[in-house]
Amino acid sequence: MSTATTTPALSILMPVRNEEKHLPAALASLSAQSFREWELVAVDDGSTDRTHEILARAAAADPRVRVLATGGQGLVPALNLGLAECRSHLVARMDGDDVAHPARLEAQTAYMAAHPEVGLVASCFQHFPRRRIGSGMLGYEQWQNSLLSHESILADLFVESPFVHPSVMFRKKEVLQAGGYRDMGWAEDYDLWLRLAAAGTRFARLPATLLFWRERPERTTRTNPAYAAHAMRLCKLHHLLQGFLKGERRVILAGAGLEGRAWYRILHEVGIAVEAWVDVDPKKIGRQLHGAPVLSTGELERNGTKLLMTVGARGARAVVRQSTRQAGFVEGCDAVCVA
């Protein structure tokens, strides 16, 4: 068992703020882990409730628990402070309102040991309590849990964030080399995944459900503007401009609905024009939208202009992907799904 004087096999990074209600359950789930060689680096980010008292009690009872404080600087500084203090080369993320399966840490550390080429491994997750989960979040859960290989994760990397942050375990060195966590006005975890991907990090996901992600109205993903749809599009665009869209001045948008039009607006702001639209709605086909023709999928031809698939409906995404393949586009080369 790790102590303050030995280097632990694994560090658990957990920033918390005002989590007195759910924190005991999160801590209990860590204490119940079958893998024991860990340290918990808990960062209290300016809590005004009993969070610090609960953490202090946990540290007094278990020498593997270390408690830091930021004074309320925000999530990103808390993450970076905690990351710097993690003593292991492996770091598992955890939040103070979630619950880890007892086998989570053992399964992920074993996978990382057996696959040194992998820089980040997530697990499948499940929302709870189930009675609060709407169809949209269930769809997100099913979509994310279906991405079980590095290739499938990369294919959908610009659709939505492919990992639930507290489900991941990563190699500290690779995250530090990518620049750690940043506050850019959008989700700090998604920004990190995109930078890791650009740096060549290999991803993986264990098929077992090893994290239970608590659904509640005050969850950060619901209350923080950085996680809103527009902020997520800006994050995607920022990274696309450094890679897939670097130097491009024209694109084709597959999908002339609300999502496609939202992409038209942010592309226009950075000087990228829409050369053509592609849609399946016969009412739109043959018309002009923002000065560009709306084509049917049968009219789509590969002409050197890159294509963004902006179809928001998950069921329609497969249809659009098939149409672009039939037209000769290659995903990751001259076509990317962004919604």
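## Aromatic contacts

F125, Y140, W143 and W213 come together as one aromatic cluster. This is a predicted model, and a search through the whole of it turns up 6 aromatic pairs.

One of those pairs is worth a closer look. F163 and F203 have ring centres 5.2 Å apart and planes at 70°, and since planes over 60 degrees apart count as edge-to-face, that is what this pair is: edge-to-face. As for where the two sit, F163 is in the loop between α6 (150-155) and β7 (169-171), while F203 belongs to strand β8 (residues 202-214). The pair therefore ties together parts that are 40 residues apart in sequence.

Are these two rings buried or exposed? F163 is buried, at a relative accessible area of 1%. F203 is buried too, with a value of 2%. The cut-off for buried is under 20%.

## Charges over rings

Aromatic rings also take part in contacts with charged side chains here. Take W38: the charged end of R64 sits over its ring, 3.7 Å from the ring centre.

Which residue puts its charged end over the ring of F244? That would be K306, with the charged end 4.6 Å from the centre of the F244 ring.

## Helices α1 and α2

Now for helix packing. Helix α1 (residues 23-31) packs with helix α2 (residues 51-61), their axes 10 Å apart and at an angle of about 20°. Angles under 35 degrees count as roughly parallel, so α1 is roughly parallel to α2. As for handedness, α1 passes α2 in a right-handed crossing.

Which residues of α1 meet α2? On the α1 side they are L23, P24 and L27, and what they meet in α2 is T51, I54, L55 and A58.

## Helices α8 and α10

Further along the chain, helix α8 (residues 188-198) and helix α10 (residues 229-241) have axes that come within 10 Å and cross at roughly 20°. With that angle, α8 is roughly parallel to α10. Their crossing is right-handed.

The contact itself draws on Y190, D191, L194 and R195 from α8. Across from them, α10 brings in M232, C235, K236 and H239.

Note on methods: Residues numbered from 1 in each chain as written. Predicted model: local features only at pLDDT ≥ 70, side-chain atom pairs only at ≥ 80, totals over all residues. Heavy atoms only, no water. Phe/Tyr/Trp six-rings, centres within 6.5 Å; stacked < 30°, edge-to-face > 60°. Helix = DSSP H or I, 4+ residues; strand = E, 2+ residues; numbered from the N terminus. Buried < 20%, exposed > 50% of the residue type's maximum accessible area, 1.4 Å probe, protein only. Lys NZ or Arg CZ within 6 Å of the ring centre and 35° of its normal. Axes fitted to C-alpha atoms, helices over the stretch in contact; angles between N-to-C directions. Parallel < 35°, antiparallel > 145°, perpendicular 65-115°, else oblique. Left-handed = near helix turned anticlockwise from the far one by under 90°. Contact = heavy atoms within 4.5 Å.
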